[in-house]
Amino acid sequence: MCGIVAYIGKSDATPILLDGLRRLEYRGYDSAGVAIINDGGLVVRKCVGRISNLSELIQRDPPHGSVGICHTRWATHGGVTDENAHPHFDQSGKLALVHNGVIENYQTLRDELIREGHTFKSQTDTEVLAHLVGKHYDAAKGEPSKARLIDALRAALKQVIGTYGIAMIHSDLPDFIVGARRGSPLVLGIGKGENFLASDVSAIVAHTRDAVYLNDYDIACIDRENFEITSLLGGRSGYEVSKVEFSEKDVDKGEFPHYMLKEIFEQPETVRDAMRGRLSLEEATAKLGGLEMTAAELRGIERIVLSGCGTAFHAAMIGEYLLETLAHIPTECEFASEFRYRNMPMTKDTLVFVISQSGETADTLAALRESQRKGHRTLGICNNVASTIARESDGGVYMHAGPEIGVAATKSFTSQLVILTLISLLLGRIRHQSTSEGIRVIEELEELPEKLRTILKLNDQIRDVAHKYSDAKAMMFLGRQFNFPVAMEGALKMKEISYIHAAGHPSAELKHGVIALITPELPSVFIAPEDSVFDKNISNIEEVKARKGPVIAIGTEGCTQLEKVADDVIYIPKCADYLSPILTVVPLQLLAYHLAVKLGCDVDKPRNLAKSVTVE
Ligand code: M6R
């Protein structure tokens with residue numbers, strides 16, 4: 001949540017910062033701001049609303065200078081107001097700071113600073129941090145210097161409890177930018193005669209693909225030619241320069257009107273990429289070196305716990321079915337936000353997987369750390385290779401889905417499901433599964449990209465169905481077995497981007513209460529492919545129809561029964577029951593997308609949301 005970018009170089013900083021900020025808008029879009037060093041002073045522009053508002057403000061009176069910092073906000077402390085927009089300043093007005101994270105003890109620090117004579121302009125925790133650094137800087141004697149500013153930052157950060165990814169400038173020191181991180185991501189981009197700091201490489205990939213992913217407690221100081229990384233804990237900090245795997249093109253919408261639609265349409269490739277090089281027909285198994293576990297260790301697993309949030313949690317729910325069906329390993333899934341407060345009894349041979357597209361979700365990171373604290377091997381299933389979860393986990397599997405920018409998770413979900421299937425196959429094959437069963441799973445997996453292409457061709461039909469139901473005030477999503485979590489995922493997609501209330505339930509739960517809601521005004525979406533529970537789903541559809549509830553069904557092509565009971569049917573190609581969620585979810589993604597577009601919603605940036613939820 002919140003995105004920051006900092007630039008120091010020879011070019012005009014404002015357009016570079018604004019462009020970077022646009023790429024980070026998925027991290028928050030309540031307000032935005034920029035501060036530029038100009039003529040020995042600081043020029044600031046900030047306002048509520050999207051980057052486009054800031055851009056208009058800047059066009060009226062552009063600040064010029066080649067050093068600057070900027071921020072896009074997802075409000076935590078203090079309402080969405082111009083005053084609360086970043087950058088924030090210290091008491092002297094010479095130091096400007098942008099921050100992603102939460103200063104938990106800000107109130108105590110603020111009260112203390114007020115007693116010392118500081119006055120605040122905003123309600124934010126960030127302004128407290130700016131004042132604290134400024135206080136230490138001003139208290140130090142001597143000439144303005146980089147060392148004095150870094151020492152002041154160190155002193156301030158030692159007083160702070162919480163998380164931060166920050167960048168700051170000081171008008172006394174027009175040739176430096178200082179950044180620091182703890183708990184919130186920060187990357188340093190190395191250019192030629194220019195350097196960058198940003199919350200995410202997508203903000204700087206247009207300028208450089210050489211990046212250093214900073215670690216917690218790193219303090220980075222950049223000038224035009226050099227950079228230096230020290231540790232808050234003392235001394236220099238080790239670092240590695242990585243090549244960013246994707247280019248500027250990968251973070252563009254291309255021909256699509258929205259990132260979400262682009263990402264839905266990327267799924268035939270991203271599903272292929274999730275399994276690329278990981279299947280062995282010869283051994284009829286999956287190869288996942290990143291797990292860093294020997295065959296004996298894998299065989300010794302007695303129980304698995306899967307954890308994540310939102311869409312990743314829905315993938316975990318399907319993972320539970322997959323691991324039990326294909327690998328016969330008792331598996332449980334738990335919301336990452338509940339995991340560490342639950343104190344689940346776990347034997348020492350329990351393996352934990354945390355699932356996260358961004359790899360930065362605070363609750364999932366907390367679950368990872370809690371599980372490790374208790375001595376469990378904890379593996380990550382992440383998309384963002386440089387993320388905190390990817391780096392802190394004891395091993396794992398990358399999704400290789402490319403950047404997912406739309407706030408609604410789409411392609412990351414199907415990649416997570418492919419990976420959970422690969423893990424289940426691997427574990428099944430070293431236990432009870434026969435070679436022919438393993439080969440069957442591989443063949444089914446390899447057919448997925450083509451089947452996904454077939455579904456995407458139904459885009460127009462799905463749009464028409466969405467338009468037909470665009471007056472609905474609420475919707476029900478129902479499915480059984482592997483497709484019960486898909487019902488929950490379909491409901492989440494609908495809620496978050498169209499603001500239509502939706503709920504996902506196991507179809508059989510209808511008669512235990514939910515059926516009371518059924519009226520001609522409440523459409524139900526049944527995920528009912530021809531699987532082992534198909535007949536049961538048909539009965540549940542009949543129950544809804546008997547109460548005049550409209551029904552949209554997702555069924556298997558060639559099935560004639562659904563047409564007789566449902567009002568609209570969207571057909572997907574036939575596939576194994578355990579892989580069906582990878583197909584059935586796609587019409588639901590498109591349904592939510594088209595309905596949201598029809599209702600005029602901002603699909604890629606739904607209200608109140610942010611892509612990476614880095615606060616608890
Ligand atoms: O980056 P993560 O996978 O950890 O994110 C988890 C959730 O915040 C995320 O899936 C969220 O629910 C999406 N907006 C759902 O579309």
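Domain bounds here come from an automatic or database domain assignment. On that basis the protein, a predicted model, is divided into domain 1 (3–251), domain 2 (253–456) and domain 3 (458–604). The C-alpha centres of domain 1 and domain 3 lie 45 Å apart.

**The ligand and its surroundings**

Let's turn to the ligand, which sits in the second largest pocket. Which domains does its shell draw on? Domain 2 (253–456) and domain 3 (458–604) each give at least three residues to the shell around the ligand. Looking at helices, α9 (310–327) and α16 (484–498) each supply at least two residues of that shell.

In total, 15 residues surround the ligand, and the closest are Ser356, Gln357, Ser358, Thr361 and Glu496. If you like to sort a binding site by residue class, the shell has 7 nonpolar, 6 polar and 2 charged residues.

Three polar contacts to oxygen atoms of the ligand are worth having on screen, and here they are with their distances:

| Residue | Protein atom | Distance to a ligand oxygen atom |
|---|---|---|
| Ser356 | side-chain N or O atom | 2.6 Å |
| Gln357 | backbone N or O atom | 2.7 Å |
| Lys493 | polar side-chain atom | 3.0 Å |

How much of the ligand's accessible area does the protein cover? On its own the ligand has 410 Å² of accessible area, and the protein covers 91% of it. Ser356 and Gln357, both in the table, are also among the residues closest to the ligand.

**Two backbone details**

Now for the backbone. Most residues other than glycine have a negative phi, and most peptide bonds are trans. Two places in this model go the other way.

One is the peptide bond from His86 to Pro87, which is cis, with omega near 0°. Pro87 belongs to the loop between β4 (67–73) and β5 (88–89).

The other is His328, a residue other than glycine whose phi is positive, near 55°. Where is His328 placed? His328 is in the loop between α9 and β18 (331–335). Helix α9 (310–327) has already appeared above, as a supplier of at least two residues to the shell around the ligand.

Notes
Residues are numbered from 1 along each chain as its sequence is written. This is a predicted model: local features need pLDDT of at least 70, side-chain atom pairs count only at pLDDT 80 or more; totals for chains, interfaces and linings use all residues. Side-chain values use heavy atoms; hydrogens and water are left out. A residue is near a molecule or strand if one of its heavy atoms lies within 4 Å of it. A polar contact is a pair of N or O atoms within 3.5 Å; within protein, one must be able to donate a hydrogen and the other to accept it, and residues adjacent in sequence count only if both atoms are side-chain atoms. Accessible areas come from the Shrake-Rupley method with a 1.4 Å probe; for residues, only the protein chains shown count as cover. On a 1 Å grid over the protein atoms alone, a cavity is a set of points where a 1.4 Å probe fits but cannot get out, and a pocket is an open set with protein on both sides within 12 Å along at least five of seven lines; lining residues have an atom within 4 Å of a point. A molecule sits in a cavity or pocket if more than half of its atoms lie within 2 Å of its grid points. Helices (H or I, at least four residues) and strands (E, at least two) are DSSP runs, numbered from the N terminus. Ala, Val, Leu, Ile, Met, Phe, Trp, Tyr, Cys and Pro count as nonpolar, Asp, Glu, Lys and Arg as charged, and the others, Gly among them, as polar.
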